[in-house]
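Work through the following exercises with the sequence and the structure at hand, and try each task before you read its solution.

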Amino acid sequence: MNFNIALVKGDGIGPEIVGSAVRVLDEIASKYGHSFSYNEYLAGGAAIDETGVPLPDETREGCLASDSVLFGAVGGPKWDHLGGDERPEKALLKLRASMELFTNLRPARIYDALKADSPLRADIVDEGFDIMIVRELTGGIYFGERGRRDGDKGPEAYDTESYSVMEIERIAHVAFQTAMKRRKKLTSVDKANVLETSRLWRETVHRIGEQYPEVELSDMLVDNAAMQLVRNPSQFDVIVTSNMFGDILSDEASQITGSIGLLASSSLGEGTRGLYEPIHGSAPDIAGTGKANPIATILSAAMMLRYSFGLEREADSIEAAVEKALCEGHRTGDIAGEGDRILSCDEMTDVIIGYLR
Ligand code: NAD
């Protein structure tokens, strides 16, 4: 099959890690008889330097015309003095909005070989965990009315949360469908004891759940979910939640895996076109040194194959090659223990490609 992939490498380690993912995709293409064509676009600081804006029209249009987008990371100290809409990070927010990406999928799993890196107690980590957080990405309090005003007690600020039934229904469908492809267990996280939006959320998720009788649905309050993620993460399969709760819980879930250099994410809208990126930033402190761990971006490319291109077997093979590399003790600096030989970004990519062959 042929797919047209927009590459947005961005800043810092972005070009190195996207370059690694492209090498892995090329290996998949030759092994399974696909063809991937790539178009490169500027975003973030690199785009500011070249065109004066973080997301040039050409990038937006190129991404919209692609089958999917593989994104590195944007930002760095060089552009830290810029404010608001001029900042490199704005590129990502604008691109998500232009592509109408309302779903963010973030897997958080612990690899057997890296259990010692988790900040959780050994007896908790020993149970293992493999969680998929489905976060609503374009609604809720981050997009509601906000402002400052004079109140009874003096100057005040406010943010508002609203969710339409349609917004909840569409994310609920994604979550149930994701659960159907996994262990068929869905936890809907809300704050229904306090918030009206959460009561609508709960009601709507349960109504949509009637269409997915095979999925075991339960509700959990967000404060409890934050505790349960560190007490007993193995109880979760898929978690679905609103924009702000998902923002916080997905960072917590990534932290308990032990390394941000391993974690992928995908953002999807109505169709199959998505935006795939590692959860970490541009790591300016190690840019250009060859120390970047390419795994999060390589796993993001695997998610692209699975969720946008329907290439399940190919995605599985990348994930298996990464797992094998870790099990066999191959380490980049961020996940190395004492005495481990430290691989560069390119060397780790070579090892993974070797296991793919
Ligand atoms: P960061 O994720 O870039 O780095 C945090 C720490 O983790 C650093 O020590 C870095 O060296 C290390 N690290 C990150 N990714 C790594 C990898 N693949 N391999 C090895 N080590 C890795 O976060 P930060 O330092 O807070 O932010 C740096 C810049 O990135 C800022 O400008 C920030 O705004 C931007 N940022 C961008 C995104 C994005 O593009 N999606 C996300 C977060 C931060």
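**Exercise 1.** In this predicted model, find the partner with which Arg 182 forms a salt bridge, and then describe where the two residues lie.

Solution. Begin with the contact itself: Arg 182 forms a salt bridge with Asp 130, and the closest N and O atoms are 3.5 Å apart, which is within the 4 Å that the rule allows. Next, place both residues along the chain: Arg 182 belongs to the loop between α6 (165-180) and β8 (185-190), while Asp 130 is in strand β5 (residues 130-136), so the pair ties together parts that are 52 residues apart in sequence. Then turn to accessibility, where Arg 182, at 22%, counts as partly exposed, and where Asp 130, with a relative accessible area of 29%, is partly exposed as well. Finally, look beyond the pair, since a network of salt bridges links Asp 130, Arg 182, Arg 183 and Asp 237.

**Exercise 2.** Decide whether the side chains of Arg 96 and Glu 277, which meet in a salt bridge, are buried or exposed.

Solution. The first step is the distance, which is 3.2 Å from N to O for Arg 96 and Glu 277. The second step is the position of each partner: Arg 96 sits in helix α4 and Glu 277 in strand β12 (residues 274-278), so this salt bridge ties together parts that are 181 residues apart in sequence. The third step is to compare each relative accessible area with the cut-off for buried residues, which is under 20%. Arg 96 has a value of 19% and is therefore buried, and Glu 277, with a value of 6%, is buried too.

**Exercise 3.** Carry out the same kind of analysis for the salt bridge between Lys 78 and Asp 49, and state how many salt bridges the count comes to.

Solution. Start again from the atoms: the side chains of Lys 78 and Asp 49 meet with an N to O distance of 2.6 Å. Lys 78 is found in the loop between β3 (68-73) and α4 (90-98), Asp 49 is found in helix α2 (residues 45-51), and the pair, 29 residues apart, links distant parts of the chain. For accessibility, recall that exposed means over 50%; Lys 78, at 52%, is therefore exposed, whereas Asp 49, at 44%, counts as partly exposed. As for the total, the count comes to 29 salt bridges.

**Exercise 4.** Describe the cavities of 30 Å³ or more that a search of the whole structure finds, and say which residues line them.

Solution. The search finds two such cavities, and it is best to take them in turn.

- The largest cavity has a volume of about 50 Å³, and its lining includes Glu 161, Asp 190, Trp 201 and Phe 245. Both β8 and α7 (196-209) supply at least two residues of this lining, and the largest share, three residues, comes from α7. Sorted by class, the lining of the largest cavity has four nonpolar, three polar and two charged residues.
- The second largest cavity holds about 30 Å³ of space, and among the residues that line it are Arg 106, Pro 107, Ile 133 and Leu 263. Here β4 (103-109) and α9 (243-257) each supply at least two residues, and the lining divides into six nonpolar, two polar and one charged.

Methods:
Residues are numbered from 1 along each chain as its sequence is written. This is a predicted model: local features need pLDDT of at least 70, side-chain atom pairs count only at pLDDT 80 or more; totals for chains, interfaces and linings use all residues. Side-chain values use heavy atoms; hydrogens and water are left out. Helices (H or I, at least four residues) and strands (E, at least two) are DSSP runs, numbered from the N terminus. Buried means under 20% relative accessible area, exposed over 50%, partly exposed in between (1.4 Å probe, protein chains only). On a 1 Å grid over the protein atoms alone, a cavity is a set of points where a 1.4 Å probe fits but cannot get out, and a pocket is an open set with protein on both sides within 12 Å along at least five of seven lines; lining residues have an atom within 4 Å of a point. Grid points are joined across faces, edges and corners, and a volume is the space filled by probe spheres set on the points. Ala, Val, Leu, Ile, Met, Phe, Trp, Tyr, Cys and Pro count as nonpolar, Asp, Glu, Lys and Arg as charged, and the others, Gly among them, as polar.
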